[in-house]
Amino acid sequence: FSVGNESFRTGGKVSKTSGRLDISLNETANKGYLAKALGTTLHHHLHTLRKSTTDQDEPDQVPRPVLETRVSAVTGMPVASQTTPKPKLNIVVMVIGSRGDIQPFLKLGKLLKEEHGHRVRIATHPAFKTFVEQDSGLEFFSVGGDPAELMAFMVKNPGLVPSLSTVKAGEIGRKRDSMFEMFKGFWRACINATDDEHNPANRSMMEAWNPFVADAIIANPPSFAHVHCAERLGIPLHLMFTFPYSPTQQFPHPLANIKTTNVDTNYTNFMSYPLVEMM
């Protein structure tokens, strides 16, 4: 890709060796265009809530009841008081990947269950059933898929675009079939009492199995089905990853490789995230 205007020029392409996006960033006018653009964007997002308060009141000086009323007016939703009992939620944690991808979510699930009383279901590969149940004591739901095959595919195709040999071997079609199986499994994890499709509890929502309908979803991005399930059910979705996936000035996107730049490192790091998203 190549984007820019009279003030800057940036381009990039996927490396055939590493699979990462090689990025070159060049500010041509030397007027701080990119820095100003980034500053304007951050200012807009960070000051949205402050604009909802009056000019003479600082947010930390506004009494809590007044602030709650203003937040409720802005969001259109009532603000729960500190004495309101917290609801117990059915939370589905959607994760695909290796054992190292699963494990951090187990700690999170245990905290949600033990400290907040929520019912937490881990929806992942059947290979991790024993690991999940014995290590965390959380509810397990099988969505199918083989983590070994998934890791092998990712090692062979580490970047954004699969290799030509992968396409010729027909692995793309097999990968799609496997992902589709998992997508259906993730949907069942949101609405079924058990991962046994033939269990009558899934139809009657009775017997010894407790019925389950998700109130919220936590997922790692590669599970993909998360946003569709959350949209269909009209429930909150929280995406989280075990490596940086949100724009930051501290380091570039994990899939980006900064080849050349004449812009401050912090700004270059931050802009690598939208550039990778463009691809």
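Helices (H or I, at least four residues) and strands (E, at least two) are DSSP runs, numbered from the N terminus. The model is predicted: local features need pLDDT of at least 70, side-chain atom pairs count only at pLDDT 80 or more, and totals for chains, interfaces and linings use all residues. Residues are numbered from 1 along each chain as its sequence is written, and side-chain values use heavy atoms, with hydrogens and water left out.

**Exercise 1. Place F224 and describe its backbone.**

Step 1. Find the elements on either side. F224 sits in the loop between β7 (216–219) and α10 (226–233).

Step 2. Check the phi angle. Most residues other than glycine have a negative phi. F224 is not a glycine, yet its phi is positive, about 60°.

Step 3. Check the exposure. Buried means under 20% relative accessible area, exposed over 50%, and partly exposed in between (1.4 Å probe, protein chains only). F224 has 46%, so it is partly exposed.

**Exercise 2. Sort residues of α10 into buried and exposed, and explain the pattern.**

Step 1. List the buried residues. They are H226, C229 and A230.

Step 2. Look down the helix axis. These buried residues fall within an arc of 95° (taken from the directions from the helix axis to the C-beta atoms), so they line one face of α10.

Step 3. Recall the helix geometry. An α-helix has 3.6 residues a turn, so residues three or four places apart point the same way.

Step 4. Turn to the other side. There, H228, E231 and R232 are exposed.

Step 5. Find the packing partners. Contact means heavy atoms within 4.5 Å. The buried residues of α10 pack against β4 (90–94), α8 (171–191), β7 and β8 (237–239).

Step 6. Look just past the helix. G234 follows α10 and has a positive phi of about 70°.

**Exercise 3. Explain why C190 and C229 form no disulfide.**

Step 1. Set the cut-off. A disulfide is a pair of cysteine sulfur atoms within 2.5 Å.

Step 2. Check the distance. The closest cysteine sulfur to that of C190 is in C229, 4.3 Å away, which is too far for a bond.

Step 3. Check the other partner. C229 is in no disulfide, and its nearest cysteine sulfur is that of C190.

Step 4. Check the burial. C190 is buried at 0% relative accessibility. C229 is buried too, with a relative accessible area of 4%.

Step 5. Widen the search. The whole structure has zero disulfides.

**Exercise 4. Describe L237 by its place and exposure.**

Step 1. Locate L237. It lies in strand β8.

Step 2. Read its exposure. L237 has a relative accessible area of 31%, so it is partly exposed.
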